[in-house]
Amino acid sequence: MKEKIKEIEQGALAEISIAGNGDDIEKLRIKYLGRKGLITELFKKMGEVPPEEKGEVGKLINSLKNNVAKALDDKTGSVSAAGGAKLEKIDITLPGIIKETGTLHPVSQTIREICGIFVSLGFKVVGGPEIENEHYNFEALNIPLEHPSRDAFDTFYLADKWLLRSHTSPVQARFMEKNKPPLAIVIPGKVYRPDATDASHSFMFHQVEGLAVSDDIKFSDLKGALTVFAKRMFGEKTVMRFRPSFFPFTEPSAEVDISCILCDGSGARGGTRCSLCGGSGWLEILGAGMVNPKVFKNVGYDPDKVTGFAFGMGVERITILKYGITDIRMFFENDLRVLKQF
Amino acid sequence: MLISYNWLKDYVDINMPAEKLAQILAMAGLSVDSVEEKSGDSILELEITSNRPDCLSYIGVAREVAALTGRRLKVPSRVLRTVSGEKTPNAVTVKVENKKLCPRYTALVIRGVKIGESPKWLKERLESIGLRSVNNVVDITNFCLFETGEPMHAFDLDNVAGGAVMIRNARKGEKIMVIDGTERALDETMLVIADSGAPIAIAGVMGGIKTEVGMSTTNILLEAAYFDPISIRRTSRKLALSTESSYRFERKVDMDNIYYTQIRAAQLIMEAAGGKSEGYIDIGEAAVTKKIIDLRPERVSKILGVEIPASKTKRILLSLGMKQKASSKNILKLEVPGCRQDLQDEIDLIEEVARVYGYNNIPETLPCVSEKGDRQPIDIIVDDKIRDTLKSSGLSEIITYSLLSRKVISMAKLDDKDAAVVKNPLSAEQELLRPSSIAGMLGAIRYNINRKNSDLKLFELGKVYFKTAGGSFKERRNLTVGLTGEIHDGWIGKPRAVSFFDLKGITETLFLSLGINDFSVREASEGPFSPAACATVEVKGEPIGVLGEIDQGVLKNFDIKDKVYVLEIDSESLQRSVALKKYFNEPMRYPSASRDMSIVVDNSISNAAIISLITDSAGKILKKAKLIDRYRGGQIPSGKTSLTYRLEYQDVSRTLEDKEVQEAHSRVVRALQENLGASLR
């Protein structure tokens, strides 16, 4: 009997060790532990065991039963962990369930980016009204009534002296009237000009204006700050060029160009004239200058005690250049196929 | 202003190709739009800023080139020091009636000219810059305008009635047929040159056809003058007539240049067309006092951020035609030439120094200024938070025009009675400033649907505008959200149409992200919305906006077939309730117990009424009650709704016993049965 027990145990453990899947294990469980299983049969044969051995044999059979049951359980665990037959595989090539996120308007994104750069340089963001009066839009900025310098600022009027601001510069004057230098601000916002609409003109667009005033702001600071801006906005290898120009509210004034982002300033692409810069290698991106002492006088600052620089840029223009957008009207059509690209 | 490279070389030696010249000019502030090769010549298109009328002439541009390249300016000399008859003012009578608008008027008579074709050199000069040759006399006046910047006009003296000219304001009802062949009605603000009968020219703008110099002309009157810039500008604008002449008078011509141009023109005319000058009349200010500016050389470095030696500063300014009047250690006194009326103050001279020194030779430094405190105002912070929340909720931002037509406003059934009106729109699309952005939202939705983008979740942050009682205006920030089409859950779930509750959910998500917990809706009826699903949104009991389904009639006006749900919020009122500051709350230490409850009530009973009753009856251990299922039809009697609520009970200081939860729950059930006629399911 004892030998029989040992034989069954060896056989069972050997068979279990080579069982490859759940079905094999189940068959072995029936073979040994089932109602007519080999171990169950051993219990039935206890009657044949002499009374003095009954205690010992009973213990042996119980231990055999426990060992085999444990071996079967362990095997079950290892077989299913190894990817047993009972698990159904999924088709991992089915598409993922996408949770569609929205998108911010490219103009908003560019405004954030521009303001972020200047905030990192020590500036703060300031807002101002879109409905302005002639004083802030023109006179305070040294743009006299009925002067040819006003031609650059055609304006929508709402009533006598009330108009839609044609640039964000009025906020300069408003801010300086209420605050003492030193100051460094950027002003994003909508502006309006009665221009006939085409691929590069819109009667409504966005500008970001900047102004820094202290007892020691120099033209070289303007160059430095704008160069940091251009490199962060358009890439480290961007080169800047400052050309003398005229704005009534700054002096000296400059038009600022960056090296063309398509041809890297060479003026040519693939042997032909670059389509973006027209072959010049430069792209005009903003106007800037040192604050005209007359503007300081108008807001009650002493031009002998403070100096400052100011700049203004068109947000759509910057965005168009950055992404190669072909038509300014796209910004206000709001075609989702366009918006979703940003 | 078109500049012929060959013509320009008459006034200054240029030892570089046109492209290089263009670059030098551009870097000194004379922006060059294009350089074009044209039959052995190069034509530079210069964009002259409004402060530099002196560069609206060849001599002016040549003066600039001379200063920038260190060459000498070559101004054509007057061979005849005096024109014969110059001092015999009896050939014609000139009377300046309005000296304010015409401070200087000169006239010269030339008798016996022979009108004919212009000499070859003259034709070539004019044609190189795209001008059509007319005849020798007219061509000379045009040539002189471009050469000197002083507009000239020649009258056929025999057609000047009474042989006298008067410079006066036009009289009421006067008209003139000008040389472009149109008849212009004049008003009393406009200055004219008149003969004894009627106007023969609109002063500084255009001459009349009656005295135009033509083939039969033999005697001419040459005019060179200074007209008031503002008066010329007004007249030119009123008549919508801008000419080479008016363009220059508007920008102020050089008073010192008038006599020179008059004599230069006379000389050239006599060379080309013969004749004899008979009289020169000069009325008004003969000379202007020259402006003297004090320059502190240390201010140059202070403004520019680069050390430029005083000697170099002086050299630059002298090369531009300035004359040194005196100098001390700290101050340079400089007299400005008459052609540079834009130079008025010290800063103007500093700009001249910077421009010639070269902006590109000024170093780059960083400004030493830094704002203290918040870097963004609260309204921009709130707007950005709104943008980020809505974006992560799947909405895309749009920007629509602030200016709209009255028609679009009425298509959206919006009220335009307080809308601000634009006085000078370019088209009917710009008549009004929007009093609401709903019309713009519907326009964007239609635009997208027409392009097969039919599932849309959009928002716009922007201003709306109103006129106020006192004749003034106000503007405020505004948020609009628009939903239409279906919501998709990939291939797992079925697509379903968006509903009012998706919009309401977005609204609630937005409020919670802004720290606003106390909000509710109230049934309402508003212009663009369907009365079946429209509500005002209230925060702390104050209405701040409206949400609902857009009225079918409005959708039809916009040619939209799908249902559209729109939210519009006054984001300034919203901002007053925003609480972005976060406070830590320790998570509850004791577990909560959840109990679900399904009840059947009449359809007329609102969710809000049930929640309110649950909250009142459950006692303070109720933490939260929320609707988790709603069902109508099937096993439920008609007119009734089945609702399932999940009630969560919790105590901050201990674990609740099953018995007390059961008691509270039973209280709620009883209250619902007794007060709302609910039955348990």
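A residue counts as buried if 20 or more other C-beta atoms, placed from the backbone, lie within 10 Å of its own C-beta; with 12 or fewer it is exposed, and in between partly exposed. By that rule, 42% of the 342 residues in chain A are buried.

The model is predicted: local features need pLDDT of at least 70, side-chain atom pairs count only at pLDDT 80 or more, and totals for chains, interfaces and linings use all residues. Residue numbers start from 1 along each chain as its sequence is written, while chains are lettered from A and ligands numbered from 1 in the order in which they are written.

**Stop 1: chain A**

Select chain A. Its C-alpha atoms fill a box of roughly 130 × 50 × 40 Å along the principal axes. The radius of gyration, taken over C-alpha atoms, is 41 Å, whereas a compact globule of 342 residues would have one near 20 Å. That globule rule is 2.2 Å times the number of residues to the power 0.38.

Colour by secondary structure. Chain A has 12 helices and 12 strands. Helices (H or I, at least four residues) and strands (E, at least two) are DSSP runs, numbered from the N terminus. Contacts mean C-beta atoms, placed from the backbone, within 7 Å. Of the contacts in chain A with a separation of 6 or more, 66% join residues 24 or more positions apart.

**Stop 2: the A–B interface**

Show both chains. Here 72 residues of chain A are in contact with 81 residues of chain B. On the chain A side, select helix H8 (residues 219–234), which gives the most, with 7 residues. The chain A side divides into 39 nonpolar, 16 polar and 17 charged residues. Nonpolar covers Ala, Val, Leu, Ile, Met, Phe, Trp, Tyr, Cys and Pro; charged covers Asp, Glu, Lys and Arg; the others, Gly among them, are polar.

**Stop 3: a helix pair in chain B**

Select B:310–319, helix H10, and B:346–357, helix H11. Their axes are 9 Å apart and make an angle of about 95°. H10(B) and H11(B) are therefore roughly perpendicular (65 to 115 degrees). Axes are lines fitted to C-alpha atoms, for helices over the stretch in contact; angles run from 0 to 180 degrees between N-to-C directions.

Show side chains. B:Thr313, B:Ile316 and B:Leu317 of H10(B) meet residues of H11(B), including B:Leu349, B:Val353 and B:Tyr357. This contact holds 6 nonpolar residues, 1 polar and 1 charged.

**Stop 4: an open sheet in chain B**

Four strands of chain B form an open antiparallel sheet in the order S6-S13-S5-S14. Strands pair if DSSP finds at least two bridges between them. S6 (152–156) and S14 (276–284) of chain B are the edges. Neighbouring strands are turned by 20° on average, direction ignored.

Zoom in on S6(B) and S13(B) (residues 219–226), joined by 5 bridges. B:Phe155 has B:Leu221 as its bridge partner. Now add helix H8(B) (residues 258–273), which touches S5, S6, S13 and S14 of chain B, at about 15° to S5(B). Helix H5(B) (residues 136–148) lies across S6 and S13 of chain B, at about 160° to S6(B).

**Stop 5: another open sheet in chain B**

Move to the strands in the order S30-S31-S29-S32 of chain B, also 4 in number and antiparallel. The edges are S30 (622–631) and S32 (679–680) of chain B. S29(B) (residues 593–602) and S32(B) share 2 bridges. Select B:Val600: opposite stands B:Ser679.

Finish with the helices. H18(B) (residues 607–618) touches S30 and S31 of chain B, at about 150° to S30(B). H19(B) (residues 658–676) lies across S29, S30, S31 and S32 of chain B, at about 10° to S29(B).

Conventions. Contact = placed C-beta atoms within 7 Å. Parallel < 35°, antiparallel > 145°, perpendicular 65-115°, else oblique.
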